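Q: I'd like to learn how to read a model like this one. Could you walk me through a few features?

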Amino acid sequence: MSGWLKKKTASVRAWIMYRVGVIGCGYVSRTWHLPVYRQLKDVEVVAACDIDRTTVETFAKNFGIGKAFTDYKKLLEEELEVVDVCLPPHLHAPIAKEVAERKLNVIVEKPLALSSNQAEEIIQTCNKNNVKLCAIEDFVFFPMVQKLKSLVEDGYLGSIISVNTVIRRGPLESGWRQDPTLSGGPLLEDGIHQMMLHVLFLKKIQAIYATVHDRLSVDRSIHYQVTLRARDAIGTMEACWGPGVPEIYLALFGSKYSARIDVYRNLLFTNDGSNFLWLDAKNLLKRLGYALKYIFNTRIRKNKLLPILGHYYQLKDFFESMKSNSEPALSGNLVKKGIMLIESAQKSIATGQEVKIMNE
Ligand SMILES: NC(=O)c1ccc[n+]([C@@H]2O[C@H](COP(=O)([O-])OP(=O)(O)OC[C@H]3O[C@@H](n4cnc5c(N)ncnc54)[C@H](O)[C@@H]3O)[C@@H](O)[C@H]2O)c1
């Protein structure tokens, strides 16, 4: 290809493609982000970085990525529009801010930061440099969570009286996850998913009370119970890391009807007080509609995207917001609120007292 044509092709590609650099080539980027990027037609991952040479080289080879670095500062010198930070949580704030200072849009895996102050610094740095922030919180983007949100907004359930979430994970993995100075502890590192569901459905939270039942030395399990007192409703959050099958549930009780979601299976059940068969028949067409949409959406089905649908819809939304120069559906400020509520739960555990929430 002649130099002129090469240059022309490159500039056309730059016009239609967002060039992404990924920092951190571990579990989440390998099994979640890269499979999603393969589905987004306007996105090309052109550079990757991991502190571990073998990891980044294997990653680059497996995903056909042209450039591989072991120093993220080298990656930041590449021609990119977006940098995706898939690192352990203690590195999110310093590296996300550095990315934004270079006028690059930034995607940050959850938890956005180790504290609400750090989250605020990231948001401010992005605003100052006029770049967009995608604070990953994939649970919010699961289609059934979005469906439930629209049912609530339409008043189908009546006013919300209680919000209950349950998360059960396997035992805490070794490495950085076991060190709270690197991960923020399980309640932040993983419980943030759950807390964001409370942020979504519970309005005007006034106080939090939390307890922990630490059995790590007994059977490697740890259990948290968090009660969120809102002006007109109560939220309860049960989080457990230990042996057993992973489960994530969200249940809403409304003044008219109630609803439950099995988040992992992307299933939504509504209970409008009628008998079960009639309820099914009533919702059959709607459910058939969802099922057909899923069956015929070959992009999703063929690539086994069901467990990572949340990432798929959030990243899709983010790149669409870049294209239309609008705000992403989930703001950094809402995610910062989730982190602040986790901090309050941690404070409650430390003091044994209910913690009041200001400015809600
Ligand atoms: N949204 C979700 O459901 C979900 C699921 C899993 C993980 N995560 C989040 O993703 C992030 C990463 O988790 P993971 O499971 O992929 O961890 P991981 O340990 O598998 O991967 C992290 C990678 O970062 C690399 N790394 C560490 N320091 C580095 C540095 N200074 N420069 C370059 N590379 C460096 C490591 O070598 C490793 O390969 C965490 O914040 C985690 O909470 C989110």
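A: Happily! Helices and strands here are DSSP runs, with at least four residues for a helix and at least two for a strand. In this predicted model, the protein chain has 15 helices and 14 strands.

Q: What share of the residues in the protein chain is buried?

A: A residue counts as buried if 20 or more other C-beta atoms lie within 10 Å of its own. Buried residues make up 40% of the 360 residues in the protein chain.

Q: How do I read a single helix, say α14?

A: Start with its span. Helix α14 (residues 309-323) has 15 residues and reaches 21 Å from first to last C-alpha, close to the 21 Å expected at 1.5 Å a residue. Then look at burial: G310, H311, Y312, Y313, Q314, L315, F318 and F319 are buried in α14. These buried residues pack against β1, α2, β2, β5 and β6. Just after α14, N325 takes a positive phi of about 50 degrees.

Q: At what angle do α5 and α6 pack?

A: Angles under 35 degrees count as roughly parallel. Helix α5 (residues 92-101) and helix α6 (residues 116-128) pack at about 10 degrees, their axes 9 Å apart, and are therefore roughly parallel to each other. On the α5 side, A93, A96, K97, A100 and E101 meet Q118, E121, I122, T125 and C126 of α6. By class, this contact has 5 nonpolar, 2 polar and 3 charged residues.

Q: Which residues are closest to the ligand?

A: Of the 22 residues that surround the ligand, the closest are G24, G26, Y27, V28 and E109. The shell divides into 13 nonpolar, 3 polar and 6 charged residues.

Notes:
Residues numbered from 1 in each chain as written. Predicted model: local features only at pLDDT ≥ 70, side-chain atom pairs only at ≥ 80, totals over all residues. Near = placed C-beta within 6 Å. Nonpolar A, V, L, I, M, F, W, Y, C, P; charged D, E, K, R; others polar. Expected span 1.5 Å × (residues − 1). Buried ≥ 20, exposed ≤ 12 C-beta atoms within 10 Å, placed from the backbone. Contact = placed C-beta atoms within 7 Å. Axes fitted to C-alpha atoms, helices over the stretch in contact; angles between N-to-C directions. Parallel < 35°, antiparallel > 145°, perpendicular 65-115°, else oblique.
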